[in-house]
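The following exercises concern a single protein chain. Each consists of a task and a solution worked in steps.

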Amino acid sequence: MPRETSLRNSVPLSGLVIKNTGSGYRVQMPDGHLVNCKVKGHFRLKGIRTTNPVAVGDRVEVSEAGDGTGYITAIEPRANYIIRRASNLSKEAHILAANISQAMLIVTVAAPETSAVFMDRFLATAEAYSVPAVLVFNKADIYTPEERETAMAYRAMYEEIGYATLEVSAVTGQGVDCVRALLSDKITLLSGNSGVGKSSLINALIPGLELKVGEISAVHHKGMHTTTFSEMYPLPGGGYIIDTPGIKGFGTIDFNEKEVAHYFPEIFRISGKCRFADCTHRNEPGCAVLEAIERQEISMTRYASYLSILDDITQGKYRAGY
């Protein structure tokens with residue numbers, strides 16, 4: 001990595017945020033030097049309070065404070081971003097990353113199992129913010145025959161909808177080359193529950209990085225946090241990945257009730273055949289979506305995820321475990 005430095009003049013320069021340090025941000029400047037920065041001023045995103053007004057992947061304007069540190073004075077317009085509700089019952093949001101080419105969600109069907117609702121909420125958010133998404137089913141080396149069937153069923157369902165999926169093992173190397181090929185020359189957000197093997201996969205993709213790998217709780221079968229703050233890493237073959245802390249649940253935020261169906265491609269495709277233009281696909285007569293569910297053309301698990309997001313909006317709360 002380039003060595004750290006302080007800015008040498010007070011003229012604002014454009015830099016790339018490559019790490020959230022907790023107390024500030026690390027910004028890579030046009031000449032490759034790194035600057036430790038703090039935020040100057042107050043930033044808002046569509047009026048939503050955010051726990052991190054600046055995100056990894058942001059292009060920012062930086063000026064020297066006069067004491068060898070930099071200040072972020074402005075954020076350049078974002079091409080896109082991935083955002084989630086910060087915590088249960090919170091009105092604050094957390095931006096996972098900005099200006100990304102794609103999002104790669106690392107999931108497992110065992111040790112610990114990733115819930116379908118979690119996957120669907122992430123995918124719906126990616127759709128809402130125009131970010132292509134890929135599902136990577138990790139830990140293939142430990143699947144039982146039943147778990148392998150579950151993974152295959154998930155992959156078939158999501159691929160039919162239109163999502164790319166991969167089955168990999170960061171331990172044995174199975175599928176890692178396929179992941180590497182998808183990452184080439186792109187800026188990719190890597191996300192997932194704690195314990196899904198994200199750090200192990202990154203270590204396999206970037207030899208010598210040696211990120212800390214967590215353990216699975218024997219009692220709760222949940223992953224332990226290893227990544228503390230988001231950080232961007234360059235890939236040997238070109239492109240970057242943004243590693244984010246493992247997250248327990250994925251609460252959606254800033255969704256309009258009438259637009260949620262747009263973020264489920266298979267529901268949206270069929271919704272045009274509904275009798276009523278404002279159909280919410282709950283219990284309206286002539287609902288083409290409900291008829292498609294009866295014909296098993298739309299998965300009940302996907303429909304349940306759709307309803308859970310509507311419940312968040314109408315009830316104003318986010319339930320844990322998703």
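Helices (H or I, at least four residues) and strands (E, at least two) are DSSP runs, numbered from the N terminus. The model is a predicted one, in which local features need pLDDT of at least 70 and side-chain atom pairs count only at pLDDT 80 or more, while totals for chains, interfaces and linings use all residues. Residues are numbered from 1 along each chain as its sequence is written, and side-chain values use heavy atoms, with hydrogens and water left out.

**Exercise 1. Describe the protein chain as a whole.**

Step 1. The secondary structure consists of 7 helices and 13 strands.

Step 2. Burial is assigned by relative accessible area: buried means under 20%, exposed over 50%, and partly exposed in between (1.4 Å probe, protein chains only). Of the 322 residues in the protein chain, 50% are buried.

Step 3. A contact means heavy atoms within 4.5 Å. Of the contacts between residues at least 6 apart in sequence, 66% join residues at least 24 apart.

**Exercise 2. Determine how many disulfides are present, and examine C274.**

Step 1. A disulfide is a pair of cysteine sulfur atoms within 2.5 Å. Searching the whole structure gives 0 disulfides.

Step 2. For C274, the nearest cysteine sulfur belongs to C287 and is 4.0 Å away, and C274 is in no disulfide.

Step 3. C274 has a relative accessible area of 10% and is therefore buried. C37 also counts as buried, at 3% relative accessibility.

**Exercise 3. Analyse the stacked aromatic pairs F137–Y154 and Y303–Y306.**

Step 1. Rings of Phe, Tyr and Trp (its six-membered ring) pair if their centres lie within 6.5 Å; planes under 30 degrees apart count as stacked, over 60 as edge-to-face and the rest as tilted. This rule yields 7 aromatic pairs.

Step 2. The rings of F137 and Y154 are stacked, at 6.2 Å centre to centre with 25 degrees between the planes. Because F137 belongs to strand 9 (residues 133-137) and Y154 to helix 2 (residues 145-161), the pair ties together parts that are 17 residues apart in sequence.

Step 3. F137 is buried at a relative accessible area of 0%, and Y154 is buried at 15%. One aromatic cluster is formed by F137, Y154, Y158 and Y163.

Step 4. Y303 and Y306 are likewise stacked, with centres 6.1 Å apart and planes at 25 degrees. These two residues are 3 apart in helix 7 (residues 300-315), so about one helical turn separates them. An α-helix has 3.6 residues a turn, so residues three or four places apart point the same way.

Step 5. The relative accessible area is 8% for Y303, which is buried, and 2% for Y306, which is buried.

**Exercise 4. Check the span of helix 7 and identify what covers its buried residues.**

Step 1. The expected span of a helix is 1.5 Å times one less than its number of residues. Helix 7 has 16 residues and should therefore span 22 Å, in agreement with the 22 Å between its end C-alpha atoms.

Step 2. Its buried residues are R302, Y303, S305, Y306, S308, I309, L310 and D312.

Step 3. The cover over the buried residues of helix 7 includes helix 1 (116-128), helix 2, helix 5 (265-271) and helix 6 (288-294).

**Exercise 5. Establish the surroundings of helix 4.**

Step 1. Since 6 of the 8 residues of helix 4 (residues 198-205) are buried, the helix is largely enclosed by the rest of the structure. The buried residues are K198, S199, L201, I202, N203 and L205.

Step 2. These buried residues pack against strand 8 (102-107), strand 9, helix 3 (176-183), strand 11 (187-191) and strand 13 (240-243).

**Exercise 6. Locate D58 and relate it to N99.**

Step 1. D58 is in the loop between strand 3 (34-39) and strand 4 (59-64), and D58 is buried, with a relative accessible area of 0%.

Step 2. Beyond neighbours within four places in sequence, the contacts of D58 are G15, L16, V17, P53, I75, R78, A98 and N99.

Step 3. N99 lies in the loop between strand 7 (93-98) and strand 8. N99 is not a glycine, yet has a positive phi of about 55 degrees. At 18% relative accessibility, N99 counts as buried.
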